[in-house]
Protein chains: 2
Amino acid sequence: MDATVAHHRANPLILKLRYGADLDAGDRALLADLFRADRVLEPQQDIVRAGDRATGVHLVIEGFAFRYKIVGDGQRQILGLLLPGDFCDLQSVVLGPSDHYIAALTACTVADVAQDRIDALVFRDSRLARALWWATLVDESILREWLASMGQRSADKRIAHLFCELLLRQQLVGAAGKRDCPLPLTQPMLADILGITTIHVSRVLRDLRMAGLIQLKDRRLHVPDVRRLRNFCDFDTSYLHLVREPDDQDAASPPIRARP
Amino acid sequence: MDATVAHHRANPLILKLRYGADLDAGDRALLADLFRADRVLEPQQDIVRAGDRATGVHLVIEGFAFRYKIVGDGQRQILGLLLPGDFCDLQSVVLGPSDHYIAALTACTVADVAQDRIDALVFRDSRLARALWWATLVDESILREWLASMGQRSADKRIAHLFCELLLRQQLVGAAGKRDCPLPLTQPMLADILGITTIHVSRVLRDLRMAGLIQLKDRRLHVPDVRRLRNFCDFDTSYLHLVREPDDQDAASPPIRARP
DNA sequence: CGTCACATTGATGTCTGTCAAGAATCGTGG
DNA sequence: CCACGATTCTTGACAGACATCAATGTGACG
């Protein structure tokens, strides 16, 4: 565990960017300075509403948020999960009014940053610009993988794949252990992520549990044999575009609270 | 029909960007100069292969291309259709090896541009930078809409929605009329876009035809009543983030060949 | 003219949705 | 602390959407 995580609670963005870029201490200091938690949200509280014009950029510091759309007669499709270190809308200025919603899933803290401060940052430091760009491109890549999953995988593999992803993504920001991580998703939420009904989610989770692939307890996911679960759902990390694998340490999870 | 389309064949990128940015004649000249057709591809020929490192940037000038992934035991999911004016991989340098394939769907012509020429362009002209950025963000937005469609819409509405999108997107680049457009997609292709079997595609197309919603002939789509089709599948253009609606002209389709 | 991909249709099976009813969990207020 | 309602979670019976298997027809192309 290196110096970046030494202080009381590391900035998840900085942790994440270790896997997409090589930043020096100066870069990290700039990021830490710009992206600090400055708002706490209740579960279900909106961060961005469809039709809103961008006001600034939001970064999740702690907790989960999610992106969603309402189609047809009120059915909700969840388009992405935003974990600590993820941007909600880095690029929204260019697009105009948002075409979807973003809301807090759990209680969470976010950083609100004015667009011009981002612009100044990336203008000044092209390595940082590239790092942030990497982050948004990974988000898009995840979206493609979700689409492929939705189109081609059966419900059980889809859930398993999602769990593999969430375990790994949380490991990247030091929020998960080797084999378990927070999983604050209700079954109705899972249903809207996977495009199936909550009833079916329940059935499939039972099957996965009984197959010994996963354990769920206290809103946490435990995976007894990560290799086996990955195998089951054909999980391949390449869509996350990591330049290095996460250390295999049994990391802090839930988020680090210990002081030095 | 304005001056941009006056010459023998307008650059589809320039046409498309009319809907996302305000470019002046100088901007357009730069684009036209940079993105000119310089390669012809056979149907099914690869443009980008998964695992490839980026060599440059590719823009579709004419014809259709498509993005796809292979999941599990060889099932293909098509992740996006690339129409004239669409970039294949504007940003691939940052991400490293591609995690998916891009191939020509029909015979098509593409522009190959070295990354540094793009960089020089966007560095020099921030309005153009913003315009290109808009284009990539719209692509991502389309991806989200596809995901929502896959998760929440039934097969018939999914096809209808896709057809609405393809009609409109081709109108943006002057490749479609008010109510019809090229549709060079076989049923196996449609199946891999929609995540259903070709057999089911055949049945659903029959139903849509018999409901009078669409007509298919000679690899073209004809929509007798666009409003009705849009209504049927809950099509809302906002995810395409157009700053203006396409003119209601009965535009050139197939691509303009007439000389002034 | 044969081959091959595409397209169509029917019969049948499987996955997932719908309807219905309970049980467990959780937050809240008395 | 307990009661309460509200949300989750679970299970069963049944229905519908879509997949699979099989057969046939069509058209492009060598």
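**Exercise 1. Find which protein atom lies 3.2 Å from a phosphate oxygen of DNA strand D, and list further polar contacts to that strand.**

Solution. Step 1: a polar backbone atom of B:Ala155 lies 3.2 Å from a phosphate oxygen of DNA strand D. A polar contact here is a pair of N or O atoms within 3.5 Å; within protein, one must be able to donate a hydrogen and the other to accept it, and residues adjacent in sequence count only if both atoms are side-chain atoms. The model is predicted: local features need pLDDT of at least 70, side-chain atom pairs count only at pLDDT 80 or more, and totals for chains, interfaces and linings use all residues. Residues are numbered from 1 along each chain as its sequence is written, chains are lettered from A and ligands numbered from 1 in the order in which they are written, and side-chain values use heavy atoms, with hydrogens and water left out.

Step 2: the side chain of A:Arg206 places a polar atom 2.9 Å from a phosphate oxygen of strand D, and an N or O atom in the side chain of B:His200 is 3.3 Å from one.

Step 3: two or more residues each come from α7 (187–194) and α8 of chain A and from α8 of chain B. Helices (H or I, at least four residues) and strands (E, at least two) are DSSP runs, numbered from the N terminus. The most, five residues, is given by α8(A).

Step 4: a residue is near a strand if one of its heavy atoms lies within 4 Å of it. Of the 17 residues around strand D, those that come nearest are A:Gln187, A:Arg206, A:Arg219, B:Thr197 and B:Ile199. Sugar or phosphate accounts for 69% of the strand D atoms within 4 Å of the protein, and bases for the rest.

**Exercise 2. Describe the surface near DNA strand C.**

Solution. Step 1: 17 residues surround strand C, and A:Thr197, A:Ile199, B:Gln187, B:Arg206 and B:Arg219 come nearest.

Step 2: phosphate oxygens of strand C lie 2.5 Å from a side-chain N or O atom of B:Gln187, 3.0 Å from one of B:Arg206, and 3.2 Å from a polar side-chain atom of A:His200.

Step 3: the largest share, five residues, comes from α8(B). Of the strand C atoms within 4 Å of the protein, 62% belong to sugar or phosphate.

**Exercise 3. Determine whether B:Leu79 is buried or exposed, and list its contacts.**

Solution. Step 1: B:Leu79 sits in strand β5 (residues 75–82) of chain B.

Step 2: its relative accessibility is 3%, so B:Leu79 counts as buried (buried is under 20% relative accessible area, exposed over 50%, partly exposed in between; 1.4 Å probe, protein chains only).

Step 3: contact means heavy atoms within 4.5 Å. Beyond neighbours within four places in sequence, B:Leu79 touches A:Arg144, A:Leu147 and A:Ala148, and in chain B Arg67, Tyr68, Lys69, His100, Leu143 and Trp146.

Step 4: the C-alpha atom of B:Phe66, 13 residues away along the chain, is 7.4 Å from that of B:Leu79.

**Exercise 4. Check the span of helix α6 (residues 155–172) of chain A.**

Solution. Step 1: the expected span is 1.5 Å times one less than the number of residues. For 18 residues this gives 26 Å, and the end C-alpha atoms are 26 Å apart, which agrees.

Step 2: 16 of the 18 residues are buried, so α6(A) is largely enclosed by the rest of the structure.

Step 3: A:Gly174 follows α6(A) and has a positive phi, near 70 degrees.
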